[in-house]
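Visitor: Hello, I am new to this structure and would enjoy a guided look. Please start with one chain, and then show me what else is worth following from there.

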Amino acid sequence: MSDGSTATPPAGNPKSAYFLSHEDEAVERRTLAVMVDNEPGVLARVVGLFSGRGYNIDSLTVAEVDVNERRSRITIVTQGTPHILEQIEAQLLRIVPVEQVIDITKSKRGIERELALIKVAGKGEARVEALRISQIFRANVIDTTNESFIFELTGASEKITQFVDLMRPLGLVEVSRTGVLSIKRGKEKG
Amino acid sequence: MTTDTKTKPAAETLTMTGAEIVITALKEQGVEVMFGYPGGAVLPIYDALYNSDGIRHILVRHEQGAGHAAEGYARTTGKPGVCLVTSGPGATNMVTPIADAMMDSIPMVVLTGQVPTHLIGTDAFQECDTTGITRTCAKHNYLVTDVNQLARTLHEAFLIAKSGRPGPVVVDIPKDIQFATGTYVGKEGVHKPSYHPTTKPHPDAISATVDLMMHARRPVFYTGGGIINSGPKASDLLRELQNVTGYPVTSTLMGLGAFPASHPDWLGMVGMHGSFEANNAMHDCDLMICVGARFDDRVTGRIDAFSPNSKKVHIDIDPSSVNKIVRVDIPVIADCAEALAAILKEFKSRKAKKPDLKPWRQEIDIWRARKCFTYANSDSVIKPQHAVERLYELTRDRETYITTEVGQHQMWAAQFYHFDEPNRWMTSGGLGTMGYGLPAAVGVQAAHPDALVIDIAGEASIQMMTQELSTAVQHRLPVKVFILNNEWMGMVRQWQELLHGERYSHSYSETLPDFVKLAEAMGGHGIRCDNPAELDDKIREMIDHPGPVLFDCRVEKAENCLPMIPSGSAHNEMILGEIKGDEIGEAGKGLV
Ligand SMILES: Cc1ncc(C[n+]2csc(CCOP(=O)(O)OP(=O)(O)O)c2C)c(N)n1
Ligand SMILES: [Mg+2]
């Protein structure tokens, strides 16, 4: 019948198309750069595809990158088995304004960077320690009061996470992160 | 909106209102028929239509009817179906047909009115976020906010609807844009750079396919709706390729008619209610060539037991269909006709001796001999299978087009009505929309005014769109609705018998309309038959009646649609004779 609710995977082995669990395949993390025409609704199409088909989004960034061509670049960090990741790419390409999907992770020439703004408040020893660590991480201080700093930090996501973890006992107040941006090394485009 | 669609500067710039741009664009696109329903937000377009000839507008009774009529029209002509509806409820009523067309890859252009641009976002009267609502169920959609982009957008919508994997495209046009004056541009040169479907197969994929064919001892063509979408040429090429290879052919529900059912190598339909021989051939083949089908769960059955020993070739214009459900050995991303032509050429050029298919045919003949569609006929009550068989026999020599609703009758129609030509069979396969058949028949009849168009219906489904009979009467579209009236939502009842211990929860219609009176009340003709001896005469009466007919064919109430692969079972685990109640394991019960 053509209706009915989604079934939960049963215990035991029988499988159907509904829980196509390519169990033997391990989940991988991928960074995809999705080149799109910057037209109204395009981000909603891309994001809606992920929610509608049950794919994950770990992070998402988007901005217009070519004003004349009205081209935007969406960087998505996602996870899935190789089978799911293949589907994600194919489904993205089905979206009419999606021009190209670049698999940054698989390319081996990929560079990923993230920017974070981190607010830390404290006095005395903790404040000195926060500043000292920020220098090790080459973070910029972009705002300061007697009792607080805002650090600006760029780098790989892991580096930012590590920095945030170190700030936690030193008076971490809040964090704002851009999500991953990506590009490929070398002289070629895409 | 795209900016870089390059259009030739017109010799003279044509200035007109947005509403006139719509009509002009439709005409330039060759639209002859459209289906619609007016309302506040499309009145300027309706006004422009008033003064225009060349486009036949069919006024439906419910916007969903317009959508399915456009689908039926598109499916039978290969041209995009066009609908025009108002904002808010007009647009939301279109959502089901849009989703239906998306699932079955039907080219359709839906024009919706929208509140004026300055009111968008204010919860204005009859405002809804049409592009938001249809974003995930349409192939593409647009909200036009500049009258000078309107013509280009419409041309782009047609291009996208009919090319690549076809689908529905929605163009939402605010009322002020319809009134505003702007420049018309022609369709010439309109394209969308980001949109570039692959239609030509990669030569390596073709030679790899033919390499497999050179050694195949148990090959099968598994064909689908993509062949119909590709156009009549694809059906011709399939027939030619079959002729030179001698491979047996099965098809999905959507592909029926691409290969002639009268051909000795036709296996019948594949899948849940397909034939024993088709499903066993799929299970036991060593080479499966899938042409324009998508390994739907209704076809594959239990996926880890699906055709375990075959090499699989998948021809599809949509790369996302490939390796989605079933891993294939050779993906061929291309239009079906292009791929079939290339395979045919390559196959003919290989002079080496091909394996003898005789043993495979003999094996298939053993399956055929099971005569899986056998049913116990009766003198006292009309069996639904018998009714469809008689309908087929009495209409097969005419130019007949069949649409269906959804349920057992749909499957019996697929099993017992046989198609030798493409574009003769219109059914809601992917979405399974009850209510599809009558409006679809209206659309088909609009395309073929002199043909015999029959909706094989169920008494429950027909009540979802009965009002469209009035459309048929008004527009002199003599559609015939042949209701297999079993008083039950038969397919639901069958599943409750099979899966829910015969607890028939809300699947029986305690009351039903008197379909004869209903037909008459709506200006049609009603016929009732409950006697097998009278069936042929009454079917003839239906055929001979010059106007729309509702035929209330009272059939056996408890008949089950067999054979059947229960959910979660493999192709070689079909139920053939009778349902016992223990066929579906706990895992299968959770499936749909
Ligand atoms: C719009 C919609 N609602 C519900 C269903 C679920 N459904 C599938 S078949 C069916 C019963 C159809 O009954 P009927 O039209 O009498 O056909 P029969 O199976 O008796 O031939 C139902 C309710 C559906 N397919 N479509
Ligand atoms: Mg019924």
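How many helices and how many strands does the secondary structure of chain A come to?

Guide: Happy to help! Keep in mind as we go that this is a predicted model. The secondary structure of chain A comes to five helices and nine strands. Following the sequence from its start, you meet them in the order β-α-β-β-α-β-α-β-α-β-β-α-β-β. Chain A has 190 residues, and 39% of them count as buried. Now look at how chain A is held together: of the contacts between residues at least 6 apart in sequence, 71% join residues at least 24 apart.

One stretch of chain A carries a label. An unreviewed UniProt entry annotates residues 31–109 of chain A as "domain: ACT". This span is 35% helix and 39% strand, and its end C-alpha atoms lie 12 Å apart.

From chain A we can step across to chain B by way of helix H5 (residues 95–103) of chain B. Its buried residues are Pro97(B), Ile98(B), Ala99(B), Asp100(B), Ala101(B) and Met102(B). Part of what covers them comes from chain A, namely helix H2 (82–94). The cover also includes elements of chain B, among them helix H3 (63–77), helix H4 (89–93) and strand E7 (168–174). Just after H5(B) comes Ser105(B), with a positive phi of about 55 degrees.

Strand E5 and helix H6 of chain B belong to that cover too, and the loop between E5 (108–114) and H6 (130–134) holds Glu127(B). Glu127(B) counts as partly exposed because its relative accessibility is 21%, and the cut-off for buried is under 20%. Beyond its neighbours within four places in sequence, Glu127(B) touches several residues, including Gly88(B), Gln114(B), Leu119(B) and Thr122(B). Gly54(B) sits 73 residues from Glu127(B) in sequence and 31 Å away in space, C-alpha to C-alpha.

Further along chain B is helix H15 (residues 358–368), whose buried residues are Trp360(B), Ile364(B) and Trp367(B). Seen down the axis of H15(B), these buried residues fall within an arc of 50 degrees, so they line one face of the helix. An α-helix has 3.6 residues a turn, so residues three or four places apart point the same way. The buried residues of H15(B) pack against strand E9 (219–223), strand E11 (266–269) and helix H12 (276–284) of chain B. On the face turned away from that buried side, H15(B) carries the exposed residues Lys358(B) and Ile366(B).

Chain B also meets a metal. The magnesium ion (ligand 2) is coordinated at 2.1 to 2.6 Å by two OE atoms of Glu459(B), OD1 of Asn486(B) and O of Trp488(B). In sequence these donor residues are spaced E-x26-N-x1-W, and both Asn486(B) and Trp488(B) are buried. The arrangement is irregular because the six donor atoms around this ion subtend angles of 52 to 173 degrees. For comparison, ideal angles are 90 or 180 degrees for six octahedral donors.

Finally, a word on confidence. Chain B has a mean pLDDT of 95, with 98% of its residues at 70 or more. Among its elements, strand E17 (residues 452–458) has the highest mean, 99, and helix H24 (residues 586–589) the lowest, 72. Over residues 1–8 of chain B, pLDDT stays under 50. The model itself scores ipTM 0.90 and pTM 0.94.

Terms used
Residues are numbered from 1 along each chain as its sequence is written. Chains are lettered from A and ligands numbered from 1 in the order in which they are written. This is a predicted model: local features need pLDDT of at least 70, side-chain atom pairs count only at pLDDT 80 or more; totals for chains, interfaces and linings use all residues. Side-chain values use heavy atoms; hydrogens and water are left out. pLDDT is the predictor's confidence in each residue, from 0 to 100. Helices (H or I, at least four residues) and strands (E, at least two) are DSSP runs, numbered from the N terminus. Contact means heavy atoms within 4.5 Å. UniProt positions are given in the numbering used here, feature names are shortened, and annotations may be inferred rather than shown by experiment. Donors are N, O and S atoms within 2.8 Å of the metal (3.2 Å for Na, K and Ca); water is not among the atoms, so sites may look incomplete. Four donors count as tetrahedral if all angles lie between 85 and 135 degrees; four count as square planar and six as octahedral if opposite donors are over 155 degrees apart and all others between 65 and 115; anything else is irregular. Buried means under 20% relative accessible area, exposed over 50%, partly exposed in between (1.4 Å probe, protein chains only). The arc is that of the directions from the helix axis to the C-beta atoms.
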